[in-house]
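Here is a friendly note for anyone opening this structure for the first time. Please keep the viewer at hand while you read.

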Amino acid sequence: MVNYPEHDYFAVTQHSEEFEFDGQSAVLTSWHRPLHAVMDAFLGAGLRIAVVSEPPWSPGTPAELLPTDMGACTASVCFLFVALDAP
């Protein structure tokens with residue numbers, strides 16, 4: 001995991017971080033699951049995976065909108081989009 005390189009990618013883990021949005025503090029909590037666990041959950045729910053997309057950020061994205069810890073990295077998976085079909 002890029003944001004938490006010390007953590008086990010295959011473990012289900014909870015992460016909470018404090019961010020500031022428009023002058024207000026907020027704690028965002030997320031749960032990491034490995035990709036296979038997410039895909040297995042979709043398939044187990046009877047859904048069909050139609051598309052998986054990992055788009056890079058747009059080259060014209062202003063630097064202040066990009067993660068500050070990316071350093072000189074110009075290509076990184078920031079988003080994972082999954083299109084599902086229900087039978």
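The points below go from the overall layout to individual residues.

1. **What you are looking at.** Please bear in mind that this is a predicted model. The protein has one helix and four strands. Followed along the sequence, these elements come in the order β-β-α-β-β.

2. **Burial and surface.** How much of the protein is buried? Of its 87 residues, 10% are buried. The accessible surface amounts to about 6900 Å², and carbon and sulfur atoms contribute 59% of that area.

3. **Contacts along the chain.** If you take the contacts in the protein with a separation of 6 or more, 43% of them are between residues 24 or more positions apart. Several of the points below show residues that are distant in sequence being brought together, such as R48 and D85, which are 37 residues apart.

4. **The first two strands.** Strand β1 covers residues 13-21, and β2 covers residues 24-32. The two run antiparallel and are joined by nine bridges. If you would like one example to find in the viewer, T13 has H32 in β2 as its bridge partner.

5. **The turn of the hairpin.** Two residues sit between the strands in the hairpin of β1 and β2. Have a look at D22, which is placed in the loop between these strands. D22 is not a glycine, yet its phi is positive, at about 50°. Is D22 buried or exposed? With a relative accessible area of 83%, D22 is above the 50% cut-off and is therefore exposed.

6. **Just before β1.** V12 belongs to the segment that precedes β1. Leaving aside residues up to four places away in sequence, V12 touches H32 and R33. The C-alpha atoms of V12 and P34 are 7.3 Å apart, although 22 residues separate the two along the chain. V12 has a relative accessibility of 53%, so it counts as exposed.

7. **Aromatic pairs.** How many aromatic pairs does the structure hold? There are two. In one of them, Y9 and F10 meet edge-to-face, with 5.0 Å from centre to centre and 85° between the planes. Y9 is partly exposed at 34% relative accessible area, while F10 counts as exposed at 57%. The rings of F19 and F21 also pair: their centres are 6.2 Å apart and their planes stand at 40°, so this pair is tilted. The tilted label follows because 40° falls between the 30 and 60 degree limits for stacked and edge-to-face pairs. F19 is partly exposed, with a relative accessible area of 36%, and F21 is partly exposed too, at 44%.

8. **A nonpolar patch.** Y9 and F10 appear again here, since they form a nonpolar patch on the surface with L35, V52 and L80. Together these residues have about 450 Å² of accessible area. V52 comes from strand β3, which spans residues 48-53. At 43% relative accessibility, V52 counts as partly exposed, so it passes the 30% needed for a place in a patch.

9. **The salt bridge.** Side chains of opposite charge can pair when their charged atoms come close. The structure holds one salt bridge. It is formed by R48 and D85, whose closest N and O atoms are 2.3 Å apart. R48 is in strand β3 and D85 in strand β4, so the pair links distant parts of the chain, 37 residues apart. D85 has a relative accessible area of 32% and is therefore partly exposed.

10. **After the last strand.** Finally, please look at A86, found in the segment that comes after β4 (81-85). Which residue has its C-alpha atom 5.0 Å from that of A86? The answer is L47, which lies 39 residues away along the chain. A86 has a relative accessibility of 62%, so it counts as exposed.

Note on methods:
Residues are numbered from 1 along each chain as its sequence is written. This is a predicted model: local features need pLDDT of at least 70, side-chain atom pairs count only at pLDDT 80 or more; totals for chains, interfaces and linings use all residues. Side-chain values use heavy atoms; hydrogens and water are left out. Patches are made of residues with over 30% relative accessible area and no salt bridge: like charges are joined within 9 Å, nonpolar side chains (Val, Leu, Ile, Met, Phe, Trp, Tyr) within 5 Å. Accessible areas come from the Shrake-Rupley method with a 1.4 Å probe; for residues, only the protein chains shown count as cover. A salt bridge is a side-chain nitrogen of Lys or Arg within 4 Å of a carboxyl oxygen of Asp or Glu. Buried means under 20% relative accessible area, exposed over 50%, partly exposed in between (1.4 Å probe, protein chains only). Contact means heavy atoms within 4.5 Å. Rings of Phe, Tyr and Trp (its six-membered ring) pair if their centres lie within 6.5 Å; planes under 30 degrees apart count as stacked, over 60 as edge-to-face and the rest as tilted. Two strands pair if DSSP finds at least two bridges between them.
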